[in-house]
Amino acid sequence: MTHVLTTIFTTGPAATPTAVPSPTATATSGSSTLSTITGYLGIFIGFLVTFIVIFWLSLIIWTFRDIRSRTQDFLSQVLATLLVTVFFIGGLFIYMILRPRQTLAEIYERQLEEESLLAEMTERQTCNNCHARIEPDFQACPSCGQKLKRSCPKCERLLELRWTFCPYCATNLGSAPLPPNMAGIGPGPMPGMPNGPMGGPMQGNPGMPVSGNRF
């Protein structure tokens, strides 16, 4: 019994072996991590390439539409589109510098405004005597007093001096008295001529000069 206990204490517990990682397991773990990173990187590059391609096509389409709205020259349209197609963003900057400043719609609107202004200036009435600006409802020129229109004796609407009938009430204007500057000189005595005893002009003897101014 004593011999057995001495042997146990002398020998002691058996040593426990320590686990050592194998090189095969380490290589497998590193390869898995690298594959994961490569997969995510490939997805990111795919999205980036897709975005660049779509953006490139969008610039080409936008350039073609923009140049068509600014010029009708087919050669200019083709050159502008090819410029952006080949040089991408750099071509877009060059196109933005060289493109026409106004679109065809803006040029058309400007032409309409100019034509409208010209028509308005043409329709402005002027006096035949002094060429001053007059309004359609003026009866006389405010600058020189030239008679411009007369009123109808029946409806009192303003009428042109050359009208024979009133277009508003169909009144015959032939019997209406004309304005003083439109009325003809009748067979009566001339202004500034003295009248004779019978109301007629004085007549001198034939061949005898008349003293003073005759008119």
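Exposed means over 50% relative accessible area, buried means under 20%, and partly exposed lies in between. By that rule Arg162, at 67% relative accessibility, counts as exposed. The model shown in these views is predicted.

**Figure 1. The whole protein has 4 helices and 4 strands.** Start at the N terminus and follow the chain. The elements run α-α-α-α-β-β-β-β. The protein has 215 residues, and buried residues make up 14% of them. About 17,700 Å² is exposed, and carbon and sulfur atoms supply 64% of that area. Now take the contacts between residues at least 6 apart in sequence: 27% of them join residues at least 24 apart.

**Figure 2. A nonpolar patch lies on the surface.** Its members include Leu41, Phe44, Ile45, Leu48, Val49 and Phe51. Ile89 and Phe93 are also among them. Together the patch residues have about 1,100 Å² of accessible area. Which helices each supply at least two residues of the patch? They are helix H2 (23–68) and helix H3 (74–98). H2 gives the most, with 10 residues. Val53 is one of the patch residues and lies in helix H2. Val53 counts as partly exposed because its relative accessibility is 39%.

**Figure 3. Asp66, Arg70 and Arg99 are linked in a network of salt bridges.** Side chains of opposite charge can pair when their charged atoms come close. Arg99 forms a salt bridge with Asp66, and their closest N and O atoms are 3.0 Å apart. This pair links distant parts of the chain, 33 residues apart. Arg99 sits in the loop between H3 and helix H4 (104–123), while Asp66 sits in helix H2. Are these residues buried or partly exposed? Asp66 counts as buried, at 10% relative accessibility. Arg99 counts as partly exposed, at 21%.

**Figure 4. Arg70 lies in the loop between H2 and H3.** Its relative accessible area is 12%, so Arg70 is buried. A polar contact of 3.0 Å joins the side chains of Arg70 and Asp66. What else does Arg70 touch, leaving aside residues up to four places away in sequence? Its neighbours there are Tyr95, Arg99, Pro100, Arg101, Gln102, Thr103 and Leu104.

**Figure 5. Glu160 forms salt bridges with Lys149 and Arg162.** For Lys149 and Glu160, the closest N and O atoms are 3.9 Å apart. Lys149 lies in strand E3 (residues 149–151) and Glu160 in strand E4 (residues 158–160), so this pair ties together parts that are 11 residues apart in sequence. For Arg162 and Glu160, the closest N and O atoms are 3.9 Å apart. Now check the accessibility of each residue. Lys149 is buried, at 13%. Glu160 is partly exposed, at 23%. Arg162 is exposed, at 67%. The whole structure holds 4 salt bridges.

**Figure 6. A search of the whole structure finds 0 disulfides.** A disulfide is a covalent bond between the sulfur atoms of two cysteines. To count here, the two sulfur atoms must lie within 2.5 Å. Why does Cys144 form no such bond? Its closest cysteine sulfur is in Cys130, 3.7 Å away, which is too far for a bond. For Cys152, the closest cysteine sulfur is in Cys169, at 3.5 Å, and that too is too far. Cys152 is buried, with a relative accessible area of 1%. Cys144 counts as partly exposed, at 34% relative accessibility.

Notes
Residues are numbered from 1 along each chain as its sequence is written. This is a predicted model: local features need pLDDT of at least 70, side-chain atom pairs count only at pLDDT 80 or more; totals for chains, interfaces and linings use all residues. Side-chain values use heavy atoms; hydrogens and water are left out. Patches are made of residues with over 30% relative accessible area and no salt bridge: like charges are joined within 9 Å, nonpolar side chains (Val, Leu, Ile, Met, Phe, Trp, Tyr) within 5 Å. Accessible areas come from the Shrake-Rupley method with a 1.4 Å probe; for residues, only the protein chains shown count as cover. A salt bridge is a side-chain nitrogen of Lys or Arg within 4 Å of a carboxyl oxygen of Asp or Glu. Buried means under 20% relative accessible area, exposed over 50%, partly exposed in between (1.4 Å probe, protein chains only). A polar contact is a pair of N or O atoms within 3.5 Å; within protein, one must be able to donate a hydrogen and the other to accept it, and residues adjacent in sequence count only if both atoms are side-chain atoms. Contact means heavy atoms within 4.5 Å.
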